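Welcome to a short tour of the open and enclosed spaces in a protein. Have the 3D view ready, and turn it as you read.

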Amino acid sequence: MEQILNYIGGKLQKPLVDSWLDNYEPATGKVYSHIPDSDVLDVEQAVAAANAAFPAWSTTPLEDRMMMLMKIADGIEKRMDEFVAAESKDNGKPLKLARAVDIPRAVSNFRFYASALQHFASESHQMPGMAVNYTLRQPIGVVGCISPWNLPIYLFTWKIAPALATGNCVVSKPSEITPYTAYLLSQVCIEAGLPAGVLNIVHGLGSKVGQTIVEHPEIKAISFTGGTETGKRIAATAAPMFKKLSLELGGKNPTIVFADCDFDDTVRHVVTSSFSNQGEICLCGSRIFIERSIYDKFKTAFVERVKSLRVGDPNDDHSNLGAIVSAQHKQKIQSYIQLAKEEGGTILTGGEEVQVGGRCADGYFLEPTVIEGLDYLCRTNQEEIFGPVVTLTPFDSEAEVLTMANSVKYGLASSVWTNDLKRAHRIAEKIEAGIVWINCWLLRDLRTPFGGVKASGVGREGGWEAMRFFTEAKNVCIKY
Ligand code: NAP
């Protein structure tokens, strides 16, 4: 069986202790490769390689660094089909989604930060007649990047590209559940001629590899995307070590539909924002609040459209939803559907496993599920499920919907559907979320700050925010 290898010091290699983990294809439920069960020794080696590479990489002319990132982007694009297949096979998402979103976005991440590096400027402040200050922004050194399984290469490169662009060397860990595209990326980096040690990819478990990266005294900053509980643990370890921290965590995002929305367009988009990637996008809206005067009409149209979604083999272009990422995660989602029933919810559609058959007979498939009749404070409406499950709740006023929308501990994203411009601004101001989409969802401009508030994270990614995160600012004051 194929072995995925670590990328350390410019070489592909087995874990130092010859130990391996199974890599499952969620659509078939079968193991299709093995991944390194790396440990502290592999991380130590990666940190040593990154430290050795740092003096040269951090002083490489910007133009050369930019060209290298562009080459990596080209390399991913050239191997697009392999990346698409691997992203879908590891994660269970439809192949067409990986082709339309995940892989093009990974390419854009490298291109965006390659060009950002050419335009990134720092500030200067004059003290009239006395002095001038300028802000010197320098790479931090060796940084750690840890990413989750839901948008594997998209989120992995979203961290790595700005870290490399700003002159840092990276020790990274993709999710152990979806390692293959990161392995392909290491091959692309070798083909592109990225100097040894600049990027190191250590595969393995969060509790071993991830924790060692977070604890390592020579890793000066941690950029992490994943669950809130893991983020808490990382903060508890890294904060007393005074590491720079960017934490992108879980969400329980509200979708707010007002009676004056463009009805058909809203129904269509809200189905997408609920069930894309099997609902396994941190930005998916999972609590849908609908103004009471259109509640029944919206519910009928929404449920009808959800029923028409096809759950099936990710390789089939007719599938709208693929497989859930793992058997364990599927069980977690099912336990929440059961909880919703116990909490008094009514399942309007879905709630069951899907038997896809054929090569997918043992895969992990679930119906898209819509539930109504739940109190907004119940556990189903407060805890992150991270699957194809949404709730519908009516509201009577702006004040009421804001209370319900803001009642969760999370604050990642939101979407608001209305044609009333003044109301849209009012809601945007009051909603507790790092992102507010008005009449759209997942429309991303990479220059904008990205991230959540409350238990959805601290720090911001995207645009200059990431360039600032991965640099230390030093003030130089010159008296004249
Ligand atoms: P997770 O369990 O927190 O894992 C995320 C990453 O952290 C994985 O690589 C994991 O490795 C690693 N990890 C686990 N324990 C660790 C530790 N003690 N120290 C360091 N690293 C550790 O999250 P997930 O289940 O992969 O992803 C789903 C979560 O991510 C959801 O909550 C979702 O909302 C969130 N998410 C947030 C955003 C955002 O931008 N805010 C984007 C995407 C996803 P293993 O795979 O080996 O456990």
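Before we look at what lies between the domains, one definition helps: domain bounds here come from an automatic or database domain assignment, and a residue lines a cavity or pocket if it has an atom within 4 Å of one of its points. Please keep in mind that this is a predicted model. Here is what can be found in it, topic by topic.

**The two domains**

- The domain assignment splits the protein into domain 1 (2-249 + 456-479) and domain 2 (253-445).
- Their C-alpha centres are 30 Å apart.
- Where the two meet, 28 residues of domain 1 are in contact with 30 residues of domain 2.

**Enclosed spaces: the cavities**

- How many cavities of 30 Å³ or more does a search of the whole structure find? The search turns up 5.
- The largest cavity has a volume of about 110 Å³, and 16 residues line it.
- Nearest the centre of the largest cavity you will find Gly279, Cys284, Ser286, Phe386 and Gly387.
- Strand 14 (285-291) and strand 17 (389-395) each give at least two residues to the lining of the largest cavity.
- That lining is made up of 7 nonpolar, 7 polar and 2 charged residues.

**The cavity between the domains**

- The second largest cavity holds about 70 Å³ of space.
- Its lining consists of Arg105, Leu151, Tyr154, Leu155, Trp158, Ile281, Cys282, Leu283, Arg444 and Phe450.
- By class, 8 of these residues are nonpolar and 2 are charged, with no polar ones.
- Helix 5 (residues 152-165) supplies the largest share of this lining, 3 residues.
- Where does the second largest cavity lie with respect to domain 1 and domain 2? Both domains give residues to its lining, so the cavity lies between them.

**Helix 5 and its neighbour**

- Helix 5 also meets helix 3 (residues 80-91): their axes come within 9 Å and cross at roughly 110°.
- Angles of 65 to 115 degrees count as roughly perpendicular, so helix 3 is roughly perpendicular to helix 5.
- At the contact, helix 3 brings Phe83, Glu87 and Asn91, while helix 5 brings Pro152, Ile153 and Tyr154.
- The residues of this contact comprise 4 nonpolar, 1 polar and 1 charged.
- Tyr154 is worth finding in your viewer, as it belongs to this contact and to the lining of the second largest cavity.

**Open spaces: the pockets**

- The largest pocket contains about 1300 Å³ of space.
- Of the 46 residues that line the largest pocket, Trp149, Ile177, Gly226, Gly227 and Thr230 lie nearest its centre.
- Among the elements that give two or more residues to that lining are strand 4 (20-25), helix 8 (228-238) and helix 11 (327-342).
- The lining of the largest pocket includes 20 nonpolar, 17 polar and 9 charged residues, and at least three residues come from each of the two domains.
- The second largest pocket has about 420 Å³ of space.
- It is lined by 21 residues, and Leu97, Thr272, Phe275, Ser276 and Asn320 are the closest to its centre.
- Helix 4 (95-119) and helix 9 (263-275) are the elements that give two or more residues to the lining of the second largest pocket, and helix 9 has the largest share, 5 residues.
- This lining divides into 11 nonpolar, 6 polar and 4 charged residues, with at least three drawn from each of domain 1 and domain 2.

Notes
Residues numbered from 1 in each chain as written. Predicted model: local features only at pLDDT ≥ 70, side-chain atom pairs only at ≥ 80, totals over all residues. Heavy atoms only, no water. 1 Å grid on protein atoms, 1.4 Å probe; cavity = no way out; pocket = protein on both sides within 12 Å on 5 of 7 lines; lining within 4 Å. Points joined across faces, edges and corners; volume = space filled by probe spheres on them. Helix = DSSP H or I, 4+ residues; strand = E, 2+ residues; numbered from the N terminus. Nonpolar A, V, L, I, M, F, W, Y, C, P; charged D, E, K, R; others polar. Axes fitted to C-alpha atoms, helices over the stretch in contact; angles between N-to-C directions. Parallel < 35°, antiparallel > 145°, perpendicular 65-115°, else oblique. Contact = heavy atoms within 4.5 Å.
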